[in-house]
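The following exercises ask you to work through a structure step by step, with each solution set out below its task. Please look at the sequence and the model before reading on.

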Amino acid sequence: MAPLWGASDSDESKPKNLTTAEKKEVFANGSGWVREAGSALSGNDNTSADPELLVAISGLAVSLGAADITELEFITTAFDKSDGGTIQVRARFNEAVDVTGTPQLTVVNDTNANHTLSYASGTGSNELVFSLTIAAGNAATDADDVLSIGANAMALNGGTVKDKGTNTASTITNAASIGTAAGTITVTA
């Protein structure tokens, strides 16, 4: 019989009773598998609360080694060139990370120059937010441009992203499938 959870950094090692959507909010820390603070699933919308412990495995984050990106997703779901606005992307890791400096994340534009989003928030958690504000009518986008996230979208840009377990700098890469899973945004006029 297969175990109900594991001690590797794959989604398959997360508690088996969780749905795919629920696994997005689960990461490893020194206590074991935890659900991120502020989750509607825990009934606590306080993002400053301690994460909810689901499975106790002492030292789990240390046994995982360097933090890995498990998901990239657009927070921004639509972008209108005439209105301008902010493009935001969330990078989820399999454990909490600390950030120094200003790491960056590239959003690919299929017809214009790519967009470089800068780290905005999330240090100390398993979710980092990257952001870029584009003024209304700016030449950075055109109507019908398609924005997406490709492989190796994150760059340290002289900063660091260090996991809480071993506190070593991570090599920030993501599989093409992780970026593709984020979907696309088609710019409107």
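**Exercise 1.** Determine which residues Glu-36 is in contact with, leaving aside its neighbours within four places in sequence, and decide whether Glu-36 counts as buried or exposed.

*Solution.* With contact taken as heavy atoms within 4.5 Å, Glu-36 touches Lys-24, Glu-25, Phe-27, Arg-92, Asn-126 and Glu-127 once its neighbours within four places in sequence are set aside. The model is a predicted one, in which local features need pLDDT of at least 70, side-chain atom pairs count only at pLDDT 80 or more, and totals for chains, interfaces and linings use all residues. Residues are numbered from 1 along each chain as its sequence is written, and side-chain values use heavy atoms, with hydrogens and water left out. The next step is to place Glu-36, which lies in the loop between strand 2 (32-35) and strand 3 (52-56); strands here are DSSP runs (E, at least two residues), as helices are (H or I, at least four), both numbered from the N terminus. Finally, the relative accessibility of Glu-36 is 11%, so this residue counts as buried, where buried means under 20% relative accessible area, exposed over 50%, and partly exposed in between (1.4 Å probe, protein chains only).

**Exercise 2.** Carry out the same kind of analysis for Ala-135, beginning with its place in the loop between strand 9 and strand 10 (146-148).

*Solution.* Ala-135 has a relative accessibility of 47% and therefore counts as partly exposed. Apart from neighbours within four places in sequence, Ala-135 is in contact with Lys-81 and Gly-84. Thr-86, which is 49 residues from Ala-135 in sequence, has its C-alpha 8.6 Å from that of Ala-135.

**Exercise 3.** Find how many aromatic pairs a search of the whole structure gives, and explain which parts such a pair ties together.

*Solution.* The search finds one aromatic pair, the rings of Phe, Tyr and Trp (its six-membered ring) being paired if their centres lie within 6.5 Å, with planes under 30 degrees apart counted as stacked, over 60 as edge-to-face and the rest as tilted. Tyr-119 and Phe-130 form this pair in an edge-to-face arrangement, with 6.2 Å from centre to centre and 75° between the planes. Because Tyr-119 belongs to strand 8 (residues 115-121) and Phe-130 to strand 9 (residues 127-134), the pair ties together parts that are 11 residues apart in sequence. Both Tyr-119 and Phe-130 are buried.
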